[in-house]
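Subject: Handing over a structure

Hello,

Here is the structure I promised to pass on to you. Please have it open while you read the notes underneath.

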Amino acid sequence: MKIAILAGHGGSDSGAVDPIEKEQNDGIYQDDIYTEESDVNLKAAKILEKILTNNGHEVFMARDRDVYISLQNRTHFANDNNADIVISLHANAAANSAAEGIETLHYPGSENGQKLANNVQKRMIKASNATDRGIKERDNLYVLRKTLMPAVLVEMGFLTNPKEEHLLNEREYLYLLMEAVAAGVDDYERE
Ligand SMILES: [Zn+2]
């Protein structure tokens, strides 16, 4: 398959950050690492690119370095390359640092988008043992709404949750998650 990978955010848009945890946390957790979402997304995207390419897919990366690309251009990128599917990678944030888990978003009414989301989500939960936040319909996300092919947006975990923030900073964990995403893609293709 032709697969477009969109590493969320980048450049001036760092996405979810966990900046002043010491001052701003809600008192449940505290840790000392600073993580930018755009950086985690890019690392995961590069790993996923490698795995999917090894599995025989043709992969397009909307960005392969720390640059800002507008949502419109990300979407054009997927559409212009005639991708069969789109995988957008993100990490989550919440005011409550106890919030945790993985979720996969798709556009409402896209049967194949839902099927892809289901397969990817199932594999990630099985591989990681993370909290299963399920698949969710979202009609207000540009890259899901404007792409012409089945698209999913994966929220790999919460950077505001110290446990998940640490995991998402580990290369081995990103590998494990991206292997799972790739397995989910293959499940989708077989279905
Ligand atoms: Zn994001």
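Below is what I found, beginning with confidence and the metal site and then moving on to helices, cores and single residues.

First, please keep in mind that this is a predicted model. The average pLDDT of the protein is 91, and 92% of the residues score at least 70. The stretch to treat with care is residues 19-29, where pLDDT stays under 50. For that stretch the model has 17 contacts beyond four places in sequence.

**The zinc site**

Which residues hold the zinc ion? The protein donors are H9 through NE2, E37 through two OE entries, and H90 through ND1. They lie 2.1 to 2.7 Å from the ion. Along the chain, the donors follow the spacing H-x27-E-x52-H. E37 belongs to helix 2 (residues 37-54) and H90 to strand 3 (residues 85-92), so this pair, 53 residues apart, links distant parts of the chain. The angles subtended by the 4 donor atoms run from 52 to 142°, which makes the arrangement irregular. To count as tetrahedral, all angles would have to lie between 85 and 135 degrees.

Are these donor residues buried or exposed? Both E37 and H90 are buried. H9 is buried as well, because its relative accessible area is 19% and the cut-off for buried is under 20%. H9 sits in the loop between strand 1 and helix 1 (21-24). Its backbone deserves a look: H9 has a positive phi of about 65° although it is not a glycine. For context, most residues other than glycine have a negative phi.

**Two helices to look at**

Helix 2, which begins with the zinc donor E37, has 18 residues. At 1.5 Å a residue these should span 26 Å, and the end C-alpha atoms are 26 Å apart, so the two values agree. Its buried residues include E37, V40, N41, A44, L48 and L52. Among the elements covering them are strand 1 (2-7), strand 2 (58-61), strand 3, strand 6 (151-158), helix 6 (162-168) and helix 7 (171-190). After helix 2 comes G56, with a positive phi near 95°.

Helix 4 (111-128) also has 18 residues, with an expected span of 26 Å and end C-alpha atoms 26 Å apart, so here too the values agree. Among its buried residues are G113, L116, V120, Q121 and M124. They pack against strand 3, strand 4 (102-106), strand 5, strand 6 and helix 7. N129 follows helix 4, and its phi is positive, near 65°.

**The cores**

Where do the nonpolar side chains gather? The largest nonpolar core has 38 residues, and those touching the most other members are I5, L48, I87, L89, M156, L168 and M178. Strand 1, helix 2, strand 2, strand 3, helix 4, strand 6 and helix 7 each give two or more residues to this core. Helix 7 provides the largest share, 9 residues. There is also a second, separate core of 13 residues, which includes A4, V86, L144 and M149.

M156 is a good residue to click on. Beyond its neighbours within four places in sequence, M156 is in contact with V40, N41, A44, L89, H90, A91, I102, L168, L177 and M178. One of these contacts, H90, is also a donor of the zinc ion.

**A few single residues**

N82 lies in the loop between helix 3 (71-80) and strand 3. Its phi is near 50°, a positive value in a residue other than glycine. N82 is exposed, with a relative accessible area of 52%.

G134 is found in strand 5 (residues 132-137). Leaving out residues up to four places away in sequence, G134 touches I102, E103, T104 and Q121. G134 and Q121 are 13 residues apart in sequence, and their C-alpha atoms are 7.0 Å apart in space.

F77 is part of helix 3. F77 is partly exposed, with a relative accessible area of 22%. Not counting residues up to four places away in sequence, F77 touches L6, F60, M61 and A62. The C-alpha atoms of F77 and D139, 62 residues apart along the chain, are separated by 20 Å.

Happy browsing, and best wishes!

Methods. Residues numbered from 1 in each chain as written. Predicted model: local features only at pLDDT ≥ 70, side-chain atom pairs only at ≥ 80, totals over all residues. Heavy atoms only, no water. Donors = N, O, S within 2.8 Å, 3.2 Å for Na, K, Ca; no water. Tetrahedral: all angles 85-135°; square planar, octahedral: opposite > 155°, others 65-115°. Helix = DSSP H or I, 4+ residues; strand = E, 2+ residues; numbered from the N terminus. Buried < 20%, exposed > 50% of the residue type's maximum accessible area, 1.4 Å probe, protein only. pLDDT = per-residue confidence, 0-100. Contact = heavy atoms within 4.5 Å. Expected span 1.5 Å × (residues − 1). Core = buried A, V, L, I, M, F, W, Y, C linked by side-chain atoms within 4.5 Å.
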